[in-house]
Amino acid sequence: MTKPSLPDLLHAAVTAVGGTERPGQVSMAQAVAEAVDDNAHLLVQAGTGTGKSLGYLVPALAHGERVVVATATLALQRQLVERDLPRTVDALHPLLRRRPQFAMLKGRSNYLCLHRLHEGVPQDEEEGLFDQFEAAAPSSKLGQDLLRLRDWSDETETGDRDDLTPGVSDRAWSQISVSSRECLGATKCAYGAECFAEAARERAKLADVVVTNHALLAIDAIEGAPVLPKHEVLIVDEAHELVSRVTGVATGELTPGQVNRAVRRAAKLVNEKAADALLTASEGFERVMELALPGRLEEVPEDLGYALMALRDAARTVISALGGTRDKSVQDEDAVRKQAMASVESIHSVAERITQGSEYDVVWYERHDRFGASVRIAPLSVSGLLREKLFAERSVVLTSATLKLGGDFNGVGASLGLAPEGMAGDDIPQWKGLDVGSPFDYPKQGILYVARHLATPGREGSRTDMLDELAELVEAAGGRTLGLFSSMRAAQAAAEELRGRQDKPILLQGEETLGELIKNFAADPETCLFGTLSLWQGVDVPGPSCQLVVMDRIPFPRPDDPLMSARQKAVEEAGGNGFMAVAATHAALLMAQGAGRLVRAMGDKGVVAVLDPRLANARYGSYLRASLPDFWYTTDRNQARRSLAAIDAAARTAE
């Protein structure tokens, strides 16, 4: 029997999901197939509406080797596992003469732990465990959540937190879940044979396609102990998020509260001398942190250095003591010991990393209104790590609607540890970039309006001219506005101002859950939704409810952001342009994502309004504009208003 052709397979899959083939999707599938066959690397920019998930799933399934697909968001993971993969597998089965298996795999703490559920939670203050169901008042929210989790544990097949609807608070979930460090291990656990996390791993080992998230991919790369099953092909969707997710996993943090918990957990399990040393070190660290002021620490201050060395040494002693003593009087000693060990090991590793000091790490203090001060450490760059761990032993395909910044892939490529496209060398991963475009006719469907006449936004202070402009644009659009703001303070100020000026409903991020806000925004065309970072990338509202997307200013990182400013400085010291490599790239990526909220379907029309004159006037403005969809461009405020009024009138007629 002849092998089915890729076009035939793609046609069958697209028909099965009720879609239509698009030229960009066909080009993408062909390029992915070639990269996988040649064991090569590919960066693909595929605009909204291309159907990129089928563009990589079909050639991956046809190839026949195991594939890992890593995404940034839960929504896309669910779409792949619940919709795209089942339909695609069914459609391809008659042609491939086999039925590829697929599975989802997440970090251990995403699964309900039966040991925790049945045996209780190790207590911080006293020996043994306590029954969290008894401890929480049944009438309290926590008590109700825990009772619902206990009932759910008898019904669920996966134990996956994301399958629980409605969800529960982080506090409730923490009572019945464990981290990988706290886990007893299947062979030592009385519930090992029924463990949900172990079952998910076993399913992944048997699957042809394993769907996971960027964080687990990062853990797999950083920690050296393989979490993902061996695979020949890695596909990273939402790849514009990968660097920040990997940075998050590689970031260590120490807080006084975290250290105090570790002291309480270990105290009853080790000799008095070891426990006292850790307690003394903990108190010294807490005193230093009381005086901590937010900001980067170019050098670790002497008092912090001494406090961390004391913590490191005391933690090391406790770790040795925990490993060498037993106390049968402690109820379920293995679980209590494992949790204590996890807490102390975490403190030891972060304290040691900071005290060792590396030119490749950035250290800073943070202060949170609710949680107090913390000291954090993160890698200056993850590009070397990604180059070494990601591209070495498999074919990698990275895809997103926004990978091409300023007109090429090299900016994103550099952040992933890749040399400029086409550069050859022994240890340099070879890769190709491909922009398959979008099915949308951006110049006809959208306008990019830059309010060139406004004053340049300053660091602080009210922007009355910007708020006047915003009010006029919202009025012309008849509501229908998604407001993307660079800070929560700016979003709140704009919502307050517009609520006082007009009768259009203004929804504000933080006043309701994100899902509820987006649902209400989509349901009523006159409604506006204002918010910050998660809205720049998380909103998919096709149709007349979103016909104006407003950005209050270019979203450069804050000048006092310790990690971003350190990265910028490092590029400058190496002879590069730090502003363009770090700040402008960061802004371009966010603006491209934000502008992508406007046109989500073939019939969508509207305006992206940027209320920051620098996009038109500054030298870097052309780089940022080249990163956005190819909308028709204007700085004429009257043109923007007339267009919005016409689009609003057409929408009202259609309604």
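Me: How many disulfides does the structure hold?

Reply: Happy to start there. A disulfide is a covalent bond between the sulfur atoms of two cysteines. This model is a predicted one, and it holds 0 disulfides.

Me: Why is there no bond at C183, and which cysteine sulfur is closest to the sulfur of C183?

Reply: The closest cysteine sulfur belongs to C195, and at 6.1 Å from the sulfur of C183 it is too far away for a bond. For a disulfide, the two sulfur atoms would have to be within 2.5 Å. As for its surroundings, C183 is buried, at a relative accessible area of 15%.

Me: And how far is the sulfur of C546 from the closest cysteine sulfur?

Reply: Here the partner to check is C528, whose sulfur lies 9.9 Å from that of C546, again too far for a bond. C546 is buried too, with 1% relative accessibility.

Me: Let's turn to charges. How many salt bridges does the count come to?

Reply: The general idea is that side chains of opposite charge can pair when their charged atoms come close. In this model the count comes to 38 salt bridges. One of them joins D160 to K106, with 2.8 Å between the closest N and O atoms. D160 sits in the loop between α7 and α8, while K106 sits in the loop between β3 and α5, so this pair ties together parts that are 54 residues apart in sequence.

Me: Are D160 and K106 buried or exposed?

Reply: D160 is buried, with a relative accessible area of 5%, and K106 is buried with a value of 5% as well.

Me: Which residue forms a salt bridge with E475, and where do the two lie?

Reply: E475 pairs with K504, the closest N and O atoms being 3.9 Å apart. This pair links distant parts of the chain, with E475 in helix α19 and K504 in the loop between α20 and β16, 29 residues apart. E475 is partly exposed, at a relative accessible area of 44%, whereas K504 counts as buried at 10%.

Me: Which residue meets R480 in a salt bridge?

Reply: That is D648, with an N to O distance of 2.9 Å between the side chains. R480 is in the loop between α19 and β15, D648 is in helix α27, and 168 residues separate them. Both R480 and D648 are buried. Salt bridges can also join up: R312, D313, R316 and E352 are linked in a network.

Me: Now for helices. Which residues of α16 are buried?

Reply: A useful idea first: an α-helix has 3.6 residues a turn, so residues three or four places apart point the same way. In α16, which runs over residues 383-390, the buried residues are S383, L386 and L390. Looking down the axis of α16, you find them within an arc of 65°, so they line one face of the helix. They pack against α10, β7, α11, β12 and α17.

Me: At what angle do helices α23 and α24 pack?

Reply: Two packed helices are described by the angle between their axes and the distance between the axes. For α23 (residues 562-573) and α24 (residues 578-595), the angle is about 145° and the axes are 7 Å apart. On the α23 side, M564, R567, Q568, V571 and E572 meet G578, F579, A581, V582, A583 and H586 of α24. The residues of this contact divide into 6 nonpolar, 3 polar and 2 charged.

Terms used: Residues are numbered from 1 along each chain as its sequence is written. This is a predicted model: local features need pLDDT of at least 70, side-chain atom pairs count only at pLDDT 80 or more; totals for chains, interfaces and linings use all residues. Side-chain values use heavy atoms; hydrogens and water are left out. Axes are lines fitted to C-alpha atoms, for helices over the stretch in contact, and angles run from 0 to 180 degrees between N-to-C directions. Helices (H or I, at least four residues) and strands (E, at least two) are DSSP runs, numbered from the N terminus. Contact means heavy atoms within 4.5 Å. Ala, Val, Leu, Ile, Met, Phe, Trp, Tyr, Cys and Pro count as nonpolar, Asp, Glu, Lys and Arg as charged, and the others, Gly among them, as polar. Buried means under 20% relative accessible area, exposed over 50%, partly exposed in between (1.4 Å probe, protein chains only). The arc is that of the directions from the helix axis to the C-beta atoms. A salt bridge is a side-chain nitrogen of Lys or Arg within 4 Å of a carboxyl oxygen of Asp or Glu.
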